[in-house]
Amino acid sequence: MTLAESVDRDANQALRARFDEVYGQYRRLRSGMDELQTKLAELRVTERSDDGQVTATVGPRGELISVELDPAVYQDRDHQALGRKITTTVHRAAAAAAAATQAMVATHLPDGSGTVDFLRTGDFGALLGRADAVLRSEGERHG
C-alpha cells in the first residue's frame, strides 16, 4: 500500500467516524423532538401575588391562560393597585414559563447550541454571529 492510499484510508475513516458522531447526535435530537413538543404544549406555569390574592396561569410562550382573584381583593377597592398586582403576577408567571421552556429545550439540544443561547437572551445577533463564524471557517478551509 502506498503512502497516499494509507493517508486516504485514514482520512476516510476519520470522516466516517465524524459522520457517525454527527448522525448519532441528529438521531438523538430528532427522537426527542416529539416528546419535547408534547411537553411544551402541556406546560402550564402558575404564580401567585405576594399576598396570595391574585393567581395567574400561563402557557409555554407566556400566553395568559387564566387569572383568579381571591374575594379579598374587592375589600381594598383600589383598582390601580389591583391592576398592578395582576400585571406583576402575570409577568412573573411569563418569566417562569420562559425559564421552564428554555430548560426543557436545552435538554434536547447539543451543548453550546446557539439556539439555547438565543432562547435565553433573545439576541439574534449572537445566533447569526455563530452561523457567520461557521461559514467563515468553512470558507477559509475551502478558499
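This passage walks through the sheet of a predicted model and the helix that packs on it.

The sheet is open and has three strands, arranged in the order S1-S2-S3 with antiparallel pairing. Strand S1 (45-48) and strand S3 (64-69) take the edge positions; each has a single partner strand, so one side of each is left without a neighbour in the sheet. From one strand to the next, the twist averages 15 degrees.

Following the chain, the pairing of S1 with S2 is a good place to begin. These two strands pair in the antiparallel sense over four bridges, and Glu-47 has Ala-56 in S2 as its bridge partner. Together S1 and S2 form a hairpin with five residues between them, and in its turn Gly-52 shows a positive phi of about 80 degrees.

Next comes the pairing of strand S2 (residues 54-58) with S3, which is antiparallel and runs over five bridges. Here Val-58 is matched with Leu-64 in S3 as its bridge partner. S2 and S3 also form a hairpin with five residues between the strands, where Gly-62 adopts a positive phi near 80 degrees. Helix H3 (residues 79-106) packs on the sheet and touches S1, S2 and S3, with its direction at about 35 degrees to that of S2.

How many residues of S2 are buried? Five of the five are, so S2 is largely enclosed by the rest of the structure. Val-54, Ala-56 and Val-58 point one way from the strand, while Thr-55 and Thr-57 point the other way, and all are buried. Ala-56 thus appears twice in this picture: as a buried residue of S2, and as the bridge partner of Glu-47.

Definitions and conventions: Residues numbered from 1 in each chain as written. Predicted model: local features only at pLDDT ≥ 70, side-chain atom pairs only at ≥ 80, totals over all residues. Heavy atoms only, no water. Pairing = 2+ DSSP bridges. Axes fitted to C-alpha atoms, helices over the stretch in contact; angles between N-to-C directions. Contact = heavy atoms within 4.5 Å. Buried < 20%, exposed > 50% of the residue type's maximum accessible area, 1.4 Å probe, protein only.
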